[in-house]
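This report covers the nonpolar cores, the fold pattern and the overall dimensions of one protein chain.

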Amino acid sequence: MLKVIAACGNGMGSSQIIKMKIEKIFRNLKVSAQIHHCSIGEAKTQASNYDVVFCSEALKDNFKNAQARGTKVIGLKNLLSEAEIKEKILAEGLDK
């Protein structure tokens with residue numbers, strides 16, 4: 001099971017929306033994933049405990065340490081785009 005975190009500036013609205021879209025896409029791809037959503041500050045401290053971090057493209061640099069430890073960090077240009085999320089999941093090979 002993939003451990004995934006969805007992060008946004010405050011950990012409220014945007015991360016919850018990203019979480020719901022990620023859940024839908026993983027479910028459609030038949031990928032088992034445990035998804036948590038939170039603020040960027042909380043995500044930075046916990047990211048190394050996750051397989052994948054989804055966040056805004058602008059916040060991606062906050063996760064360089066986790067990325068160096070093997071966590072995949074996926075930056076999104078359009079947080080509401082299921083097509084972009086699915087494309088990036090497939091590009092990273094997370095559907096297997």
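The largest nonpolar core (buried Ala, Val, Leu, Ile, Met, Phe, Trp, Tyr and Cys residues joined through side-chain atoms within 4.5 Å; buried means under 20% relative accessible area with a 1.4 Å probe, protein chains only) has 16 residues. Those with the most contacts inside this core are Val4, Ile22, Phe26, Phe54, Ile85, Ile89 and Leu94. The elements below each give two or more residues to this core.

| Element | Residues |
|---|---|
| Strand E1 | 2–8 |
| Helix H1 | 13–28 |
| Strand E3 | 52–56 |
| Strand E4 | 72–76 |
| Helix H4 | 82–91 |

H1 supplies the largest share, four residues. Beyond its neighbours within four places in sequence, Leu94 is in contact (heavy atoms within 4.5 Å) with Leu2, Phe26, Val31, Val52, Lys72, Ile74 and Ile89. A second, separate core has twelve residues, including Ile40, Tyr50, Ala66 and Val73.

The model is predicted: local features need pLDDT of at least 70, side-chain atom pairs count only at pLDDT 80 or more, and totals for chains, interfaces and linings use all residues. Residues are numbered from 1 along each chain as its sequence is written, and side-chain values use heavy atoms, with hydrogens and water left out.

The protein chain has four helices and four strands (DSSP runs numbered from the N terminus: H or I of at least four residues, E of at least two). Their order along the sequence is β-α-β-α-β-α-β-α. Buried residues make up 41% of the 96 residues. Of the contacts with a separation of 6 or more, 52% join residues 24 or more positions apart. The C-alpha atoms fill a box of roughly 30 × 25 × 20 Å along the principal axes.

Key. Buried < 20%, exposed > 50% of the residue type's maximum accessible area, 1.4 Å probe, protein only.
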